[in-house]
Amino acid sequence: MLGDPRVQLITGDDTAACYRRTDDADAEERPEDYRTEPVREAYCWSNLTSGNGARALWLILLPFMVANLAHWMRPAAPPDHRAQRLYDLLVRILALTLTVLLAAAACEVALDLTAWQCAGTTACAAGKSWLGFLSPDNGGWWSAPGRRLALAAVVPLLVIGFLWWLSHRTWSAYESASPPPRMPGSSRYTPHAERTALSLEGFWYGRRLVARLRAAHTTAGVLTIAGVLLAAGAQADAGDGYGVLAVTGRALSAVVILLAVATLIVVWRTARSEAAPDDASDRLVVRALPYAALGVLALIAVHTGWARPGARSHGPLPGAAAFGGIAVFQGAVVLALALTAWVLQRAARNDARTAMCGMGGPAVALLACAVGGVLSGGVAQRFADWMDGGATPGQAHAPIPGPPVLLSWQASVIPALLVVVAVVVVLAAVRVVVVRRRVAKDVPGLYDPRERPDERRTKRIAGTIAGAGLTDAAPVLVAATSVVTLVLGAGAVVGAWLTDLAPGRATAGAPPVVHAAAETAESLGSWLMSAGVILLLTMGRRAYRDHSARRTIGILWDVGTFWPRAAHPFAPPCYAERAVPDLTWRMATWTERFDGRLVISGHSQGSVLAAAAVWQLDLVTRSRVALLTYGSPLERLYGRWFPAYFGPPALTGLHREMDDWRNLWRFTDPIGGPIRLTCEDGQRIDRGPLRDPLAFGRTLQHPLPAQILGHGDYQADPVFDATRAELIARLGPVPGPRSAGVASGKGSDEASGERRRQGSSGRSSA
């Protein structure tokens, strides 16, 4: 970004910091040396989103991140609309079910498949020395079914504990950056219709909210483990009537229900407070919930492990049908969320380009549930396949019953879902071909007519433009996948409940073609579930090691982790809660210290950070800032999918309260696009489409074929320097010293600024 390998840290730490060239480190003390050239300053935030390969494990938290996105995708209805609170509550409840699903999946592997089924079956435990002390054949102390379950409960408890630790660790590092104080006397005059929550002082400070949600989700995970143990104990005590163990089990069940109700109340009351930083201390009840749940779990473990002569484990673990209940409840919440989004969309101020007519949030929430089901089912299916040797889980010849039947049905519908996705991809490819042919006719006219026509070069440019346009068709893919997922998921639940058999066994009496198709779908789906887990880990590790893979995967990952953890505390941390305050503090303190002006420029995701940081400035400081964005997804991605925060009214308000704004874009860019403001001078913002490549053939300036730049290297276009110089010139002289610029960047995503300082001693710009 700085164009010089010799750089010096100006302010910050190893995680994120501002840098300058070594020669420019003391530019403010030597203004006479910078009369005619700018001083660049770069804000590097790459360590907030990347690092060592261990961070690839965050991809396992993908369902939590996607559910958190649904919170921010609500339609742009008026802020005081009653349905908004209901929408947010439904998303938080759905996020809670994902935590319960994760805990249930861990219990399925550790308690059901390992401790209950395999350890209690001689054929399965044979040859597994690590299960020998649990086998009833050895007659050891741990061989009792209840004690096996109590011991195995440590595994899912460790999973929940690890998520709690990871959330707490990232909470301390990411969500503890306080916003800068507002300048006195800088009251806001933004029209009500153009206000956005991104300008509120507490938007990027969610420390207490995440702590409350973390307590609730940790409690929910622990209570899920407790519920599984209680279900097993209740089956063993079914014939005991009013015996001590039976009565104790009912009392413990009542306590679990009370704690579950308290957890739901905490989730219900934990709404975001964005007007001011939420730094109030949590109530004792909220802080004590996880510890109370752990205490109850310890009592339940003792109750479950109590000696019950004659008790044995057979069949699946009691309570395995809970997976079906979770799926049905998630489907009901998604439908309620869709209805609420429809109500909000009808009241929205502007819905012309909103993705999926406001249904993006419910669709994404449904996909979060689907991904969670695939991950949990894939782990259970592969683990069961490993435990039962050469047999197939769920089939009659298997030594153990295997995972719940619903997981087999869910696996069976995955091939059908992939067929639908493949059809959409084929249609997209056809669209690219059609658009390429139509665009190819106009490509030569964009360049000097004296250049020799080249059909191959024309097709390549036209193909790049057509491919970049597929981004605008993403809502079609999301909508098709969501609808098919809902239908197939409902069919899987119905099939599992009606037959209580895996698809292969359920269709044993059907025509041979149907039976063969069911068995094939079941086997293929089981492997696809497992492959999905492995693929996520592999992609994540590649993304942190390979630059090209990081750019491909990082685009979606940066969007997902840009937003605060408003719905799920175990989602990957929000880097913007550190980056936005950093940029805001730097701009506010620099302009106040030097009475300066600045131009902040941003590429790709950096442009979103730049806009978010400018929104956080007080009105007086904001009027001293100009913005230059290029390759920006502000409207094309954020404006369409997050209309309540980046819709046309919000971007219009940002434009009016700044010194000036320019946006560069290309037809060949699959991510960036125009801002499309329709206010009185909104069309002045967009400069484009820029020519890409810069030259069609070989010229004096480009003797070799010019590269198609697409989303990168906007600085290579002369328009970039001209536009930046225009913004710096528009800053105009002010009394006293004056400066411009903070540059922020992460790899190819950057937000940079032009600082300008002017007085009798000259000027500098960064």
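A disulfide is a pair of cysteine sulfur atoms within 2.5 Å. In this predicted model, Cys118 and Cys124 are joined in this way, with a distance from S to S of 2.0 Å. By this rule the count comes to one disulfide. The link of Cys118 and Cys124 is left-handed, with -95 degrees about the S-S bond. Where do these two cysteines sit, buried or exposed? Both Cys118 and Cys124 are buried.

Other cysteines can be placed on the same scale of exposure. Buried means under 20% relative accessible area, while exposed means over 50%. Cys107 has a relative accessibility of 1%, so this residue counts as buried. Cys369, at 8% relative accessibility, counts as buried because its value also falls under the 20% limit. Cys357 gives another outcome: its relative accessible area is 59%, and therefore this residue is exposed.

It helps to step back to the whole chain. The protein chain has 23 helices and 11 strands. Of its 766 residues, 55% are buried. The accessible surface of the protein chain comes to about 32500 Å², and carbon and sulfur atoms account for 63% of that surface. How much of the contact total comes from residues 24 or more positions apart? Among contacts in the protein chain with a separation of 6 or more, such residues account for 79%.

Two residue pairs illustrate how distant parts of the sequence are placed in space. Leu86 belongs to helix 2, which spans residues 82-118. The C-alpha atoms of Leu86 and Trp268 are separated by 9.7 Å, although the two residues are 182 residues apart along the chain. Leu86 has a relative accessible area of 41%, so this residue is partly exposed. The second pair starts from Ala76, found in the loop between helix 1 (62-72) and helix 2. Ala76 and Thr196 are 120 residues apart along the chain, and their C-alpha atoms are separated by 10.0 Å. With a relative accessible area of 6%, Ala76 is buried because that value is under 20%.

Trp268 also takes part in a feature of the surface. Together with Ile257, Val261 and Ile265, Trp268 forms a nonpolar patch on the surface. The accessible area of these four residues together is about 400 Å². Val261, one of the patch members, lies in helix 7, which covers residues 244-269. Why is Val261 described as partly exposed? Its relative accessible area is 41%, which lies between the 20% and 50% limits, and therefore Val261 is partly exposed.

Helix 22 shows the opposite situation. This helix covers residues 648-657, and seven of its 10 residues are buried, so helix 22 is largely enclosed by the rest of the structure. Which residues of helix 22 are buried? They are Ala650, Leu651, Thr652, Gly653, Leu654, His655 and Glu657. These buried residues pack against several elements, including helix 18, helix 19 (619-622) and strand 5 (625-630). Helix 20 (634-641), helix 21 (643-646) and strand 6 (660-666) are also among the elements they pack against.

A polar contact is found at another helix. Arg586 lies in helix 17, which covers residues 576-594. The side chains of Arg586 and Glu41 are joined by a polar contact of 2.6 Å. Arg586 has a relative accessible area of 14%, so this charged side chain belongs to a residue that counts as buried.

Finally, the backbone has some details worth looking for in the structure. Phi of Cys357 is near 55 degrees, a positive value in a residue other than glycine. Cys357 sits in the loop between helix 9 (322-346) and helix 10 (360-387). Ser604 likewise has a positive phi near 55 degrees. The place of Ser604 is the loop between strand 4 (597-603) and helix 18 (605-616). At 6% relative accessibility, Ser604 counts as buried, whereas Cys357 is exposed at 59%.

Cis peptide bonds complete the picture. One of them joins Gly688 and Pro689, with omega of about 5 degrees. Pro689 is found in strand 7, which covers residues 686-690. Another cis peptide bond joins Asp692 and Pro693, where omega is about 5 degrees. Pro693 is located in the loop between strand 7 and helix 23 (718-730).

Methods: Residues numbered from 1 in each chain as written. Predicted model: local features only at pLDDT ≥ 70, side-chain atom pairs only at ≥ 80, totals over all residues. Heavy atoms only, no water. Patch = residues over 30% accessible without salt bridge, like charges linked within 9 Å, V, L, I, M, F, W, Y side chains within 5 Å. Areas by Shrake-Rupley, 256 points an atom, 1.4 Å probe, with all protein chains shown as cover. Salt bridge = Lys/Arg side-chain N within 4 Å of Asp/Glu carboxyl O. Helix = DSSP H or I, 4+ residues; strand = E, 2+ residues; numbered from the N terminus. Buried < 20%, exposed > 50% of the residue type's maximum accessible area, 1.4 Å probe, protein only. Polar contact = N/O pair within 3.5 Å; in protein donor to acceptor, adjacent residues only side chain to side chain. Contact = heavy atoms within 4.5 Å.
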